[in-house]
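User: I would like to learn how to read charged pairs and helix packing in a structure. Could you take me through them step by step, with the general idea ahead of each case?

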Amino acid sequence: MRLINITFTLLIGISTFFAFINFGYSWIISLIPSFVFSLISYIIANYLANIKLKAIISFGIALSISLVIGNLLAFIITKFVPSVFHSYAYLLMNLIMTYIFFAFSYQNRKDLKFGEIINFFHRDFNDVLGRPKLVDTSALIDGRILELAKEGILEGELLIPKFVIGEVQHIADSTEPLRREKGRRGLQVLEGLKQLSGRIIRVEIISDSPRNREVDHRLINIAIARRIPIITTDYNLQKLAEIQGVEVININKITKALSPPVMPGEKMKIRIIREGKEPDQGLGYLEDGTMVVVDHAKRDIGKEIEIEVVSIYQSETGRIIFGRKQEEIKV
C-alpha cells in the first residue's frame, strides 16, 4: 500500500505542476498547488481507507465510480478555466478519484466478496432458483438435512461456515460418548452434502471475520449481511434470529409437517435404545427423530417391542410420544 501511496501522490503532484506551468505560471508558483493537491488527496484517501465498512463493492466497481466522479468534477472545472487546462483537469481529477477509491476498496478488501454482490443484485433470481441458505451446527448434527437435500426439499445453495465445521469437529472429539457420536454424525452429514454438491444442491464452505466469538451471533451477522435464511434445529437460535429480522428454516417444523400423524391408541413397533429419566422407563426414536417414551421398558433396552400410543406432547422444539408395552419381539 505504501508503494501505491507514493505512486499516486507523485502522479498527482507532477500532473498538477505541469498543468500550472502550461497555464502560464512560474515553476515556483506551480509547486504550491501541486503540493496542496497531492497532500489533500493523500489525506482523504488514507482517511477513507481507515473507515471499516461492510460494503459490497469490488475493485472494478470502485474504479467505475472513481472514473464517473472524476470526469464529472473535471467537467465542472472546465467551465471555469481556459481550454488549455481541460485535458489536465480530466487527468488530475481521474487520478485523484481513482487513488481515493482504490485505497478505500483495498483497505476493505476482506469485506468485499464478489459473491455478496451477486447475491445483492440478483436476489430475485435466487428466490426463483432457490436462495442460498446458511447451515447451523445443530442442523448438521441432527442429520435430517441430508435426507431433505436428497429429496430436493432444500434446493439451491447451502453455505456452511468454517467455524460451524470447527464446532462439529470439536464435538466429535469430545470424551463424552453420546456427544462424540453426535459430532461424528455431523461430519458424516457434511461429507454426504459435499457428495451431493453440484447434482442436487451446491455446498460452499465460507469464512467470516471473527468480530464476534459466539457462533450464534456470527451466523446471524452473516445471514443479515447476505440476506439469507438460517437452517437450524436450535429453538434459542431461531428466536434470537427472528428478533433481528432473520428468516429461519427449522428442520423440526419441516419434518413435523411431513411426518404422518400419530393418534392415541395407535400401535407401533419401536426399538428401545436407552433408559429414560423416570424409573423403569425406556426410550426409543422414530425414523424422523421423534422421541418415544415407554413405561416399564427399561429391561427391554436393545430390543424391538410393540407399543400402544398413550399421548403425544407437542412443543416448539418437536414432539414426544408416550406409550405402553403390548408385547416383546426379540431381534
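Analyst: Let us begin with one residue: Asp300 has a relative accessibility of 0% and therefore counts as buried, in a model that is predicted.

User: Which side chain does Asp300 meet in a salt bridge?

Analyst: The general idea is that side chains of opposite charge can pair when their charged atoms come close. In this structure the side chain of Asp300 meets that of Lys325 in a salt bridge, with an N to O distance of 3.0 Å. The pair links distant parts of the chain, since Asp300 sits in the loop between E9 and E10 while Lys325 belongs to strand E11 (residues 318–329), 25 residues apart. Lys325, with a relative accessible area of 22%, is partly exposed, whereas Asp300 is buried.

User: How many salt bridges does a search of the whole structure find?

Analyst: The search finds 6 salt bridges. Another of them joins the side chains of Lys298 and Glu275, at 3.8 Å from N to O. Lys298 lies in the loop between strand E9 (291–295) and strand E10 (304–315), and Glu275 in strand E7 (residues 274–275), so this pair ties together parts that are 23 residues apart in sequence. Both partners are partly exposed, Lys298 with a relative accessible area of 38% and Glu275 with one of 42%.

User: How far apart in helix H12 are Glu242 and Lys239?

Analyst: They are 3 residues apart in helix H12 (residues 235–243), which means that about one helical turn separates them. Their side chains meet in a salt bridge with an N to O distance of 3.8 Å. Glu242 is partly exposed at a relative accessible area of 38%, and Lys239 is likewise partly exposed at 35%.

User: Now to helix packing: at what angle do the axes of H9 and H10 cross?

Analyst: In general, two packed helices are described by the angle between their axes and the distance between the axes. Here the axes of helix H9 (residues 162–172) and helix H10 (residues 177–196) cross at roughly 140 degrees and come within 6 Å. The two helices are therefore oblique to each other, because the cut-off for roughly antiparallel is an angle over 145 degrees. The crossing of H9 and H10 is left-handed.

User: Which residues make the contact of H9 and H10?

Analyst: On the H9 side the contact is made by Ile165, Val168, Gln169, His170, Ile171 and Ala172, and on the H10 side by Arg179, Arg180, Gly183, Arg184, Gly186, Leu187 and Leu190. Sorted by character, the residues of this contact comprise 6 nonpolar, 4 polar and 3 charged.

User: Which residues of H9 are buried, and what covers them?

Analyst: The buried residues in H9 are Phe163, Val164, Val168, Ile171 and Ala172. Their cover includes H10 together with strand E1 (133–135), helix H7 (137–142), strand E2 (157–161) and helix H11 (215–226).

User: With which residues is Val168 in contact, leaving aside its neighbours within four places in sequence?

Analyst: Val168, placed in helix H9, has a relative accessibility of 1% and so counts as buried. With those sequence neighbours set aside, Val168 is in contact with Thr137, Leu140, Gly183, Gly186 and Leu187. Thr137 shows how sequence and space can be read together: Val168 and Thr137 are 31 residues apart in sequence, yet their C-alpha atoms are 6.4 Å apart in space.

Conventions: Residues numbered from 1 in each chain as written. Predicted model: local features only at pLDDT ≥ 70, side-chain atom pairs only at ≥ 80, totals over all residues. Heavy atoms only, no water. Salt bridge = Lys/Arg side-chain N within 4 Å of Asp/Glu carboxyl O. Helix = DSSP H or I, 4+ residues; strand = E, 2+ residues; numbered from the N terminus. Buried < 20%, exposed > 50% of the residue type's maximum accessible area, 1.4 Å probe, protein only. Axes fitted to C-alpha atoms, helices over the stretch in contact; angles between N-to-C directions. Parallel < 35°, antiparallel > 145°, perpendicular 65-115°, else oblique. Left-handed = near helix turned anticlockwise from the far one by under 90°. Contact = heavy atoms within 4.5 Å. Nonpolar A, V, L, I, M, F, W, Y, C, P; charged D, E, K, R; others polar.
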